[in-house]
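Morning, everyone. I have one structure to walk through today. Please have a look at it first.

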Amino acid sequence: MAAEHTQSRSTGTASVIGPIDGITYDRIQFGSLSSTNTEAARWATRNPGRRAIISAREQTAGRGRLGRAWSSPPGGAWLTVVWPATDSGAVTLAAAEAACCVIDETIGDSLVGGLRAEIRWPNDLLLAGRKCGGLLGETVGTDAGRVLLLGIGINVNNHVAGPVRTPAVSLGEIAGCEVDLPRFVDRLSAALIGALLAWDRDGFAPEVRERVVQRLWGVGASVELHGAGRPVAGVLVGIDARGGLIVDVDGRRRTYVSGEVSCRGPAGPAREEGV
Ligand code: BTN
């Protein structure tokens with residue numbers, strides 16, 4: 001992705017991307033940061049009405065869903081898109097689908113063809129059944145209205161620690177070689193902007209939902225939903241028009257919203273940690 005203009009700042013290196021569809025984006029790259037989502041919230045309140053991609057080489061306090069820690073050493077793609085939107089549910093699925101395409105392209109460039117990245121509702125990115133990344137959608141109020149902070153973390157070349165609650169993997173491990181990280185981050189940023197522009201135009205369009213369902217992990221399989229209270233077991237059916245998960249529980253269709261619910265295989269989580 002081409003940057004038109006760059007300048008150095010003590011807090012990060014800033015450049016301007018675009019215009020894409022008449023809109024420009026601030027791109028701010030940090031070395032070490034606590035969390036790109038935390039920095040994005042700060043940036044968004046100071047720069048109302050502007051869009052940005054904030055990335056870091058490493059995060060010292062990366063955050064995952066449900067208050068979990070997210071391990072983010074150098075070698076991974078850790079970034080947050082600042083975007084004017086209020087919904088952090090279905091838009092996260094649309095962004096996850098765009099990220100899966102970039103993961104597929106990246107792995108497809110390597111010797112290992114034929115693998116397809118999957119989305120484990122609501123926000124996990126899987127490769128070969130192992131977690132390679134995740135998304136964290138948050139919103140923050142600004143003088144220009146609420147904005148979405150769409151955080152995404154992908155294990156690219158970083159070492160993935162284990163064992164953890166979900167077996168994890170990096171793209172480099174799957175590809176069998178080091179991935180070009182700056183190129184990957186550029187492709188990912190462009191894909192996320194594309195998905196968000198499409199979201200602004202059409203919302204959760206039926207064709208986007210269909211693409212999400214095509215990549216949905218566990219369709220037709222027995223799953224467990226973990227959240228408040230006892231786990232619920234059922235058969236995963238699909239996604240509804242608002243991004244909710246449709247599950248057949250004892251012959252009755254139920255829909256779950258992403259808030260506090262996570263979807264697992266029937267064995268359930270072993271340990272509660274980040275990736
Ligand atoms: C999850 O699977 O629980 C979501 C993980 C999201 C991690 C990303 S890394 C970039 C952004 N900054 C954070 O602190 N978290 C998100």
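Start with the lining of the second largest pocket. Which element gives the largest share of that lining? Helix α4 does, with four residues. Keep in mind throughout that this is a predicted model.

Helix α4 covers residues 181–202, and strands contribute to the lining too. β3 (23–33), β4 (52–59) and β5 (77–83) each supply at least two residues, as does α4. The volume of this second largest pocket is about 240 Å³. There are 16 lining residues. Closest to the centre are Ser55, Ala56, Arg57, Leu181 and Val185. What is the chemical make-up of the lining? Nine of the residues are nonpolar, four are polar and three are charged.

Stay with helix α4 for a moment. Ile193 lies in this helix. Its relative accessibility is 1%, so Ile193 counts as buried. Now look for Arg51. In sequence, Ile193 and Arg51 are 142 residues apart. In space, their C-alpha atoms are 9.9 Å apart.

Arg51 brings us to the rings. The charged end of Arg51 sits over the ring of Trp83. The distance to the ring centre is 4.4 Å. A second arginine does something to show here as well: Arg120 lies over the face of Trp217. There the distance to the ring centre is 5.4 Å.

Next, ring against ring. How many aromatic pairs does the structure hold? Two. A pair is described by the distance of the centres and the angle of the planes.

Take Tyr25 and Trp83. Their ring centres are 5.8 Å apart and their planes meet at 20°, so this pair is stacked. The cut-off for stacked is under 30 degrees. Tyr25 sits in strand β3 and Trp83 in strand β5, so the pair ties together parts that are 58 residues apart in sequence. Are these two residues buried or exposed? Tyr25 and Trp83 are both buried.

Now the other pair, Trp199 and Phe204. Here the centres are 6.2 Å apart and the planes are at 45°, so the pair is tilted. Both Trp199 and Phe204 are buried.

On to the cysteines. How many disulfides does the structure hold? Zero. A disulfide is a covalent bond between the sulfur atoms of two cysteines. So why is Cys100 not in one? The closest cysteine sulfur to that of Cys100 is in Cys101, 7.0 Å away, and that is too far for a bond. The cut-off is 2.5 Å. Cys100 is also buried, at a relative accessible area of 0%.

Cys132 tells a similar story. For Cys132, the closest cysteine sulfur is in Cys100, at 7.3 Å, which again is too far for a bond. Cys132 has 0% relative accessibility, so it counts as buried.

Last stop, a loop. Where is Gly129? Look in the loop between β7 (124–127) and β8 (130–142). Is Gly129 buried or partly exposed? Gly129 has 40% relative accessibility, so it counts as partly exposed. Thr166 is 37 residues from Gly129 in sequence. Their C-alpha atoms are 9.3 Å apart in space.

That's my tour. Over to you.

Notes
Residues are numbered from 1 along each chain as its sequence is written. This is a predicted model: local features need pLDDT of at least 70, side-chain atom pairs count only at pLDDT 80 or more; totals for chains, interfaces and linings use all residues. Side-chain values use heavy atoms; hydrogens and water are left out. On a 1 Å grid over the protein atoms alone, a cavity is a set of points where a 1.4 Å probe fits but cannot get out, and a pocket is an open set with protein on both sides within 12 Å along at least five of seven lines; lining residues have an atom within 4 Å of a point. Grid points are joined across faces, edges and corners, and a volume is the space filled by probe spheres set on the points. Ala, Val, Leu, Ile, Met, Phe, Trp, Tyr, Cys and Pro count as nonpolar, Asp, Glu, Lys and Arg as charged, and the others, Gly among them, as polar. Rings of Phe, Tyr and Trp (its six-membered ring) pair if their centres lie within 6.5 Å; planes under 30 degrees apart count as stacked, over 60 as edge-to-face and the rest as tilted. Buried means under 20% relative accessible area, exposed over 50%, partly exposed in between (1.4 Å probe, protein chains only). A charge sits over a ring if NZ of Lys or CZ of Arg is within 6 Å of the ring centre and within 35 degrees of the ring normal.
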